[in-house]
Amino acid sequence: MLKLKGSIKISGDKSISHRALIFASLSTGKVKISNLLESDDVMRTLNILKELGIKIIKKKAQWIVYGNGTGGYIQPAQVLDCGNSGTTSRLMIGAVSSNPISCTFIGDNSLSKRSMSRLSVFLEKMGAEIKLTKKDFLPLHIIGDINLIPMEHIMQKASAQVKSAIILSALNLRGKTRIIEKKNTRDHTERLLRYLKINFKKKILSKSSTSIELNGPYEIKPRNIIVASDPSSAAFFIVGALIIPDSKITLKNIALNKSRIAFIDVLKKMGGKIRIKKTKSISGEDVGDIHVKYSLLNAIKIKASLSPYLIDEYPILSIAASQAKGITTMRGLSELRHKESDRIKSIVTNLSKVGFKVVSNKDDISIKGSNKIQIDNRKKIKTYGDHRIAMSFVILGLLYKNKLIIDDESCISISYPDFKNHLKKLSSH
Ligand code: S3P
């Protein structure tokens with residue numbers, strides 16, 4: 001059987017790449033960005049920034065952004081197309097909201113089914129004029145205003161995108177904005193704020209709740225940004241190496257941000273032999289190498305409180321669970337219904353098709369694992385156009401030689417265009 005061996009550098013982190021471009025565009029001069037993820041989603045953000053008057057060029061391996069300062073976006077001539085990218089839509093709606101311009105945001109079929117009112121309610125309270133389609137969806141039209149009212153926002157629902165959008169809006173507003181997160185989420189935006197020496201206060205309110213206070217408007221001095229590599233992309237090969245006998249790999253330069261690598265703790269608790277070695281800090285993020293060896297996995301109960309930190313990794317964790325001894329339960333997954341596909345449905349449908357016993361209800365999934373299942377006939381895997389579902393089942397398919405047929409692999413380029421090249425490298429030993 002094929003095995004995974006060797007060492008690779010994973011591509012740039014998707015969340016950090018979007019933010020690097022946006023913060024560079026808000027700086028008062030030239031910013032060089034290295035290791036930017038050149039995926040479809042990130043290119044959506046890049047092209048929208050160009051539409052908003054930001055000059056961006058590529059020189060060798062670096063992207064150079066000529067920032068126009070906070071409040072420096074100009075009236076776009078066209079609609080702003082976010083494609084499949086939830087992060088582009090939420091972050092850019094926030095970023096334009098405090099500029100005196102009017103913009104129309106559109107997206108593809110999947111993105112046009114994802115809620116935008118979860119963000120617009122906050123911006124509307126501040127005084128932004130927003131028109132949504134069917135009260136919740138793209139196309140969304142916004143008339144931004146530099147005089148939006150800075151205020152306190154209480155976020156009940158965990159969303160790093162919504163938090164970041166409010167922060168981006170606040171950077172150009174005169175006065176105090178306070179965001180109270182009832183459930184903490186990923187903190188890349190705060191880390192970049194710190195790296196760029198933007199003055200703000202973050203307070204821990206309880207174990208799971210934080211407040212962020214900004215006092216704008218800000219002048220952001222240009223500072224070059226190096227993007228750490230993406231732990232969520234690394235997760236596919238980490239699980240691959242754990243479940244394929246004789247595998248042993250090293251993944252380099254991975255962002256070790258605590259709000260992103262909770263899946264590694266989960267996999268270790270399942271018995272995964274994973275070693276992390278921090279090597280340095282780049283642009284506000286710790287990075288390091290991850291060593292992984294084939295391991296016999298045991299089932300685990302994953303509690304609901306972890307879901308904001310595992311949000312993008314449930315598809316690949318469900319693949320690990322399918323090979324683990326016992327029944328793995330994952331709770332508190334309601335947000336998975338609102339991602340690039342209904343990921344509860346995508347996971348359950350496809351794992352069941354392969355032959356695993358999977359049960360789900362509204363918010364939970366349980367998977368009875370077995371590394372002894374044999375597949376006789378080819379099984380067609382439906383990705384629903386969801387990149388993380390596609391990559392997860394490519395990894396599972398490595399165990400069942402050519403038996404899992406992925407209906408559409410093109411969606412992989414949304415977050416990880418080099419996935420197949422990297423897989424080839426790791427499997428050609
Ligand atoms: C992201 C936050 C997460 C995640 C998404 C990227 C971000 O969404 O699923 O892929 O870059 O802020 P939430 O808004 O649900 O936290």
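The exercises below concern a four-stranded sheet, a helix and a pocket of one predicted model.

Residues are numbered from 1 along each chain as its sequence is written. In this predicted model, local features need pLDDT of at least 70, side-chain atom pairs count only at pLDDT 80 or more, and totals for chains, interfaces and linings use all residues, while side-chain values use heavy atoms, with hydrogens and water left out.

**Exercise 1.** Determine the strand order of the open sheet and which strands stand at its edges.

*Solution.* Strands are DSSP runs of E of at least two residues, and helices are runs of H or I of at least four, both numbered from the N terminus. Two strands pair if DSSP finds at least two bridges between them.

1. The order is β3-β4-β2-β13, with mixed pairing.
2. β3 (55-59) and β13 (225-226) each have a single partner strand, so one side of each lacks a neighbour in the sheet.
3. β2 (residues 30-34) runs parallel to β13, joined by two bridges; here I33 stands opposite I225.
4. Helix α1 (residues 14-26) packs on the sheet, in contact (heavy atoms within 4.5 Å) with β2, β4 (62-66) and β13.
5. β2 and β4 are antiparallel and share four bridges, with V31 bridged to V65 of β4.

**Exercise 2.** State which residues of helix α8 are buried and what covers them.

*Solution.* Buried means under 20% relative accessible area with a 1.4 Å probe, counting protein chains only.

1. Within α8 (residues 262-269), the buried residues are A262, F263, I264, V266 and L267.
2. Their cover includes α7 (231-243), β15 (273-282) and α10 (314-322).
3. Just after α8, G271 has a positive phi of about 110°.

**Exercise 3.** Describe the lining of the second largest pocket.

*Solution.* A pocket is an open set of points on a 1 Å grid over the protein atoms alone, where a 1.4 Å probe fits, with protein on both sides within 12 Å along at least five of seven lines; lining residues have an atom within 4 Å of a point.

1. Its space is about 380 Å³, the volume filled by probe spheres set on points joined across faces, edges and corners.
2. Of the 16 lining residues, V394, G397, L398, N402 and L423 are closest to the centre.
3. α12 (387-397), β22 (404-406) and α13 (419-427) each supply at least two lining residues.

Key. Nonpolar A, V, L, I, M, F, W, Y, C, P; charged D, E, K, R; others polar. Axes fitted to C-alpha atoms, helices over the stretch in contact; angles between N-to-C directions. Buried < 20%, exposed > 50% of the residue type's maximum accessible area, 1.4 Å probe, protein only.
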